[in-house]
Amino acid sequence: MSSLRIEQEGKAAEELDFQQLAALDGQIEDVGALIPGRAGGAVTLQAILDRLQPDQALDHLTVESTDGGFAASVPLEALRQAVIAYRVGDEPLPRDKGGPLRFLIPDDEGCATGGADACANVKFVGTLRLTRGRGKDTRPETPRQHAALHEREGSNRSS
(Lines give C-alpha, C1' and ligand atoms only; values in the text may rest on other atoms or scores of the structure.)
Protein backbone atom coordinates (compact mmCIF):
# COMPACT_ATOMS: atom_id res chain seq x y z
CA MET A 1 0.00 0.00 0.00
CA SER A 2 1.39 3.40 -0.96
CA SER A 3 1.66 6.48 1.14
CA LEU A 4 1.59 10.14 0.23
CA ARG A 5 4.96 11.84 0.64
CA ILE A 6 4.72 15.54 1.49
CA GLU A 7 7.75 17.79 1.25
CA GLN A 8 7.96 21.40 2.43
CA GLU A 9 10.90 23.74 2.07
CA GLY A 10 12.62 24.03 5.42
CA LYS A 11 10.98 20.97 7.03
CA ALA A 12 11.49 17.24 7.10
CA ALA A 13 9.34 15.25 4.69
CA GLU A 14 6.23 13.54 6.05
CA GLU A 15 4.28 10.55 4.83
CA LEU A 16 0.58 9.88 5.22
CA ASP A 17 -0.63 6.32 4.76
CA PHE A 18 -4.15 5.12 3.98
CA GLN A 19 -5.27 5.10 7.63
CA GLN A 20 -3.83 8.58 8.27
CA LEU A 21 -5.59 9.98 5.19
CA ALA A 22 -8.83 8.35 6.33
CA ALA A 23 -8.47 9.92 9.80
CA LEU A 24 -8.23 13.49 8.48
CA ASP A 25 -11.14 15.89 8.53
CA GLY A 26 -12.38 16.92 5.09
CA GLN A 27 -13.50 13.51 3.87
CA ILE A 28 -15.46 13.38 0.62
CA GLU A 29 -17.57 10.23 0.50
CA ASP A 30 -18.37 10.46 -3.22
CA VAL A 31 -15.89 12.44 -5.31
CA GLY A 32 -18.34 12.02 -8.24
CA ALA A 33 -20.58 14.62 -6.57
CA LEU A 34 -17.75 17.17 -7.04
CA ILE A 35 -16.28 15.85 -10.27
CA PRO A 36 -18.78 14.02 -12.48
CA GLY A 37 -17.44 10.80 -13.94
CA ARG A 38 -15.10 10.11 -11.01
CA ALA A 39 -15.71 7.50 -8.35
CA GLY A 40 -14.44 6.82 -4.87
CA GLY A 41 -13.68 8.67 -1.70
CA ALA A 42 -11.24 11.51 -1.17
CA VAL A 43 -9.84 13.93 1.35
CA THR A 44 -9.55 17.65 0.70
CA LEU A 45 -6.17 19.21 0.08
CA GLN A 46 -7.17 21.79 2.67
CA ALA A 47 -7.42 19.06 5.35
CA ILE A 48 -3.87 17.97 4.52
CA LEU A 49 -2.65 21.58 4.63
CA ASP A 50 -4.43 22.11 7.97
CA ARG A 51 -2.50 19.16 9.41
CA LEU A 52 0.84 20.36 7.98
CA GLN A 53 0.54 24.04 8.89
CA PRO A 54 2.88 25.13 6.05
CA ASP A 55 4.80 28.39 6.10
CA GLN A 56 2.71 31.13 4.48
CA ALA A 57 5.60 31.92 2.11
CA LEU A 58 5.14 28.54 0.39
CA ASP A 59 2.93 29.50 -2.53
CA HIS A 60 3.14 26.63 -5.03
CA LEU A 61 2.22 22.97 -4.90
CA THR A 62 3.94 20.46 -7.14
CA VAL A 63 2.10 17.18 -7.58
CA GLU A 64 4.39 14.41 -8.82
CA SER A 65 3.63 10.86 -9.96
CA THR A 66 5.17 7.91 -8.15
CA ASP A 67 7.70 7.34 -10.93
CA GLY A 68 8.62 11.03 -11.10
CA GLY A 69 7.83 11.07 -14.80
CA PHE A 70 4.94 13.52 -14.55
CA ALA A 71 4.66 16.64 -12.40
CA ALA A 72 2.45 19.71 -12.30
CA SER A 73 3.29 22.84 -10.29
CA VAL A 74 0.43 25.23 -9.62
CA PRO A 75 -0.07 28.28 -7.39
CA LEU A 76 -1.45 26.97 -4.11
CA GLU A 77 -4.22 29.57 -4.05
CA ALA A 78 -5.71 28.06 -7.23
CA LEU A 79 -5.98 24.63 -5.55
CA ARG A 80 -8.09 25.36 -2.49
CA GLN A 81 -10.87 23.03 -3.73
CA ALA A 82 -8.55 20.17 -4.80
CA VAL A 83 -8.89 16.68 -3.39
CA ILE A 84 -6.81 13.53 -3.11
CA ALA A 85 -8.85 10.49 -4.14
CA TYR A 86 -7.49 7.52 -2.22
CA ARG A 87 -10.22 4.92 -1.71
CA VAL A 88 -13.18 3.02 -3.05
CA GLY A 89 -15.20 2.05 -0.02
CA ASP A 90 -12.68 0.90 2.57
CA GLU A 91 -10.06 -0.19 0.03
CA PRO A 92 -7.29 1.81 -1.68
CA LEU A 93 -8.14 3.43 -5.00
CA PRO A 94 -7.25 0.85 -7.67
CA ARG A 95 -4.60 1.51 -10.28
CA ASP A 96 -7.16 1.44 -13.10
CA LYS A 97 -8.74 4.49 -11.44
CA GLY A 98 -5.40 6.32 -11.16
CA GLY A 99 -4.65 5.03 -7.68
CA PRO A 100 -3.56 4.39 -5.17
CA LEU A 101 -3.62 8.21 -4.96
CA ARG A 102 -5.04 10.64 -7.49
CA PHE A 103 -4.99 14.44 -7.37
CA LEU A 104 -8.19 16.05 -8.70
CA ILE A 105 -9.23 19.67 -9.16
CA PRO A 106 -12.98 20.40 -9.29
CA ASP A 107 -13.88 23.03 -11.87
CA ASP A 108 -10.46 22.86 -13.50
CA GLU A 109 -9.62 25.01 -16.49
CA GLY A 110 -9.19 23.53 -19.96
CA CYS A 111 -5.98 21.63 -20.61
CA ALA A 112 -2.68 23.25 -21.49
CA THR A 113 -3.23 26.52 -19.62
CA GLY A 114 -0.33 25.91 -17.23
CA GLY A 115 -2.44 26.76 -14.19
CA ALA A 116 -5.06 24.75 -12.32
CA ASP A 117 -5.92 23.00 -15.56
CA ALA A 118 -7.19 19.52 -16.33
CA CYS A 119 -3.59 18.40 -16.98
CA ALA A 120 -2.83 19.13 -13.31
CA ASN A 121 -5.15 16.27 -12.37
CA VAL A 122 -2.39 13.78 -11.65
CA LYS A 123 -2.74 9.98 -11.56
CA PHE A 124 -0.53 7.69 -9.48
CA VAL A 125 0.48 10.49 -7.08
CA GLY A 126 3.55 9.89 -4.97
CA THR A 127 4.65 13.32 -3.73
CA LEU A 128 3.18 16.72 -2.91
CA ARG A 129 5.86 19.41 -2.69
CA LEU A 130 5.22 22.86 -1.20
CA THR A 131 7.65 25.52 -2.44
CA ARG A 132 8.32 29.21 -2.80
CA GLY A 133 7.71 29.73 -6.50
CA ARG A 134 7.06 27.23 -9.21
CA GLY A 135 8.58 23.75 -8.99
CA LYS A 136 9.03 20.91 -11.45
CA ASP A 137 6.35 20.93 -14.15
CA THR A 138 6.40 18.44 -17.01
CA ARG A 139 3.00 19.30 -18.47
CA PRO A 140 3.04 19.82 -22.22
CA GLU A 141 3.68 23.35 -23.43
CA THR A 142 2.64 23.11 -27.08
CA PRO A 143 -0.60 21.85 -28.65
CA ARG A 144 1.33 19.00 -30.30
CA GLN A 145 2.90 17.89 -27.00
CA HIS A 146 -0.51 18.13 -25.35
CA ALA A 147 -2.21 15.99 -27.99
CA ALA A 148 0.60 13.41 -27.77
CA LEU A 149 0.26 13.18 -23.99
CA HIS A 150 -3.46 12.47 -24.17
CA GLU A 151 -2.95 10.02 -27.02
CA ARG A 152 -0.40 8.09 -24.91
CA GLU A 153 -2.63 8.18 -21.86
CA GLY A 154 -5.59 6.97 -23.86
CA SER A 155 -3.67 3.93 -25.00
CA ASN A 156 -1.86 3.27 -21.70
CA ARG A 157 -4.15 4.34 -18.86
CA SER A 158 -7.78 4.82 -17.99
CA SER A 159 -9.02 8.29 -17.09
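Which backbone oxygen lies 2.7 Å from a polar atom of the side chain of Thr131? That of Gly133. Some notes on the rest follow.

1. First, the ground rules. This is a predicted model, in which local features need pLDDT of at least 70 and side-chain atom pairs count only at pLDDT 80 or more, while totals for chains, interfaces and linings use all residues. Residues are numbered from 1 along each chain as its sequence is written, and side-chain values use heavy atoms, with hydrogens and water left out.

2. How confident is the predictor? The average pLDDT of the protein chain is 86, and 84% of the residues score at least 70; pLDDT is the predictor's confidence in each residue, from 0 to 100. Treat the end of the chain with some care: over residues 155-159 pLDDT stays under 50, and the model has 8 contacts there beyond four places in sequence. A contact here means heavy atoms within 4.5 Å.

3. Now the overall layout. The protein chain has 3 helices and 10 strands, and reading from the N terminus the order is β-β-α-β-β-α-β-β-β-β-β-β-α. Helices (H or I, at least four residues) and strands (E, at least two) are DSSP runs, numbered from the N terminus. Among the contacts with a separation of 6 or more, 61% are between residues 24 or more positions apart.

4. On the surface: the accessible area of the protein chain is about 8100 Å², and carbon and sulfur atoms hold 47% of that. These areas come from the Shrake-Rupley method with a 1.4 Å probe; for residues, only the protein chains shown count as cover. Of the 159 residues, 45% are buried. Buried means under 20% relative accessible area, exposed over 50%, and partly exposed in between (1.4 Å probe, protein chains only).

5. Strand β10 is a good place to start looking. Because 6 of its 7 residues are buried, β10 is largely enclosed by the rest of the structure. Strand β1 (residues 4-8) pairs with β10 in the parallel sense over 4 bridges, whereas β5 and β10 run antiparallel and are joined by 6 bridges. Two strands pair if DSSP finds at least two bridges between them. Look at Leu128 in β10: Ile6 stands opposite Leu128, and so does Val63.

6. Back to Thr131, the residue in the opening question. Thr131 belongs to strand β10 and, at 10% relative accessibility, counts as buried. Setting aside neighbours within four places in sequence, Thr131 is in contact with Glu9, Leu58, Asp59 and His60.

7. Next, the charged pairs. The whole structure holds 11 salt bridges, each being a side-chain nitrogen of Lys or Arg within 4 Å of a carboxyl oxygen of Asp or Glu. One of them joins the side chains of Arg87 and Glu29, at 3.2 Å from N to O. That pair links distant parts of the chain: Arg87 is in strand β7 (residues 83-88), Glu29 is in the loop between β3 (27-28) and β4 (41-44), and they are 58 residues apart. Arg87 is buried, at 9% relative accessibility, but Glu29 is exposed, at 60%.

8. Lys136 and Glu64 form another salt bridge, with the closest N and O atoms 4.0 Å apart. Here too distant parts of the chain are linked: Lys136 lies in the loop between β10 (125-131) and α3 (143-156), Glu64 lies in strand β5 (residues 60-65), and 72 residues separate them. Lys136 is partly exposed, with a relative accessible area of 37%, while Glu64 is buried, with 12%.

9. A further salt bridge brings together the side chains of Asp137 and Arg134, at 2.7 Å from N to O. Asp137 counts as buried at 17% relative accessibility, and Arg134 as exposed at 53%. Elsewhere, salt bridges that share partners join Arg5, Glu7, Glu15, Glu64, Arg129 and Lys136 into one network.

10. Last, which residue lies 7.8 Å from Thr138, C-alpha to C-alpha? The residue is Gly69, and the two are 69 residues apart in sequence. Gly69 sits in the loop between β5 and β6 (71-75) and is exposed, at 53% relative accessibility.

Key:
A polar contact is a pair of N or O atoms within 3.5 Å; within protein, one must be able to donate a hydrogen and the other to accept it, and residues adjacent in sequence count only if both atoms are side-chain atoms.
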